[in-house]
Amino acid sequence: MSNTIANTKKRLLQGTIARFVDGKWADSTGAVLPEKLIALGTTEALQCWSDGKPTDTITEHPLPNIDDLNGQIPVEEWEKGPDGKPRAPWVHQYVVYLFDPVSAETYTYLNSTFGAKIAVERLAERVANMQRLRGDGALPVVKLDSRPMKTRFGTKSRPEFTIVEWRKFGSNGGEVKAIEHKPVGKPVAPPTAAEELNDEIPWLA
């Protein structure tokens with residue numbers, strides 16, 4: 001599954017890397033990130049890792065089967081993970097592109113954990129729903145947040161992109177506007193008493 005909010009296929013990493021560690025958000029230097037940012041886009045990618053660095057990245061969709069890619073590399077060549085067991089070199093990355101409207105800084109959050117998968121997919125689904133209603137220019141302002149998540153090692157924190165408001169971005173550098181909360185769809189008339197009683201009132205027949 002891949003949902004893009006903007007054109008995010010030029011390169012996987014854009015701007016500064018955003019990290020979520022032990023329930024806290026920071027950049028790669030440890031500096032605290034702005035609490036609220038605009039979510040520009042989401043995507044998914046596959047990366048092959050060696051010596052703590054990505055050696056290959058696949059961004060073109062549909063993504064190939066990750067098990068097939070890992071199956072092409074002998075297990076004996078896999079590096080060991082923190083648990084001492086061989087760790088598959090190819091990982092599935094879940095990505096969000098963020099923008100600070102004050103400093104104009106761009107951030108990229110990417111991670112292969114299950115918690116990241118939940119956060120990114122939740123954000124992508126909500127954006128897709130809003131854009132169906134308000135058009136492709138609708139983008140969320142998100143709070144960099146966290147949520148508890150049960151794991152086999154106990155309850156841990158996972159990232160969460162809490163939407164605090166929506167903004168409408170005009171095309172070709174047009175005006176940025178707040179999205180009005182207009183009624184969605186057409187009103188539906190409430191059922192009549194007869195309809196509620198299935199059109200049958202035996203004792204009045």
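**Aromatic pairs in the predicted model**

Good morning. The structure I present today contains four aromatic pairs, and the model is a predicted one.

I begin with tryptophan 25 and phenylalanine 161. Their ring centres are 5.5 Å apart and their planes meet at 55 degrees, so this pair is classed as tilted. Tryptophan 25 belongs to strand β2, residues 24–27, while phenylalanine 161 belongs to strand β10, residues 154–169; the pair therefore ties together parts that are 136 residues apart in sequence.

Are these two residues buried or exposed? Tryptophan 25 has a relative accessibility of 9% and therefore counts as buried, the cut-off being under 20%. Phenylalanine 161, at 2% relative accessibility, also counts as buried.

Phenylalanine 161 forms an aromatic pair with tyrosine 109 as well. Here the geometry is edge-to-face, with 5.9 Å from centre to centre and 65 degrees between the planes. This pair, too, links distant parts of the chain: tyrosine 109 sits in strand β8, residues 106–111, and phenylalanine 161 in strand β10, 52 residues apart. Because its relative accessibility is 1%, tyrosine 109 counts as buried.

Which residues do the ring pairs link into a cluster? They are Phe20, Trp25, Tyr109 and Phe161. Within that cluster, Phe161 pairs with Trp25 in a tilted arrangement and with Tyr109 in an edge-to-face one.

Thank you for your attention.

Conventions
Residues are numbered from 1 along each chain as its sequence is written. This is a predicted model: local features need pLDDT of at least 70, side-chain atom pairs count only at pLDDT 80 or more; totals for chains, interfaces and linings use all residues. Side-chain values use heavy atoms; hydrogens and water are left out. Rings of Phe, Tyr and Trp (its six-membered ring) pair if their centres lie within 6.5 Å; planes under 30 degrees apart count as stacked, over 60 as edge-to-face and the rest as tilted. Helices (H or I, at least four residues) and strands (E, at least two) are DSSP runs, numbered from the N terminus. Buried means under 20% relative accessible area, exposed over 50%, partly exposed in between (1.4 Å probe, protein chains only).
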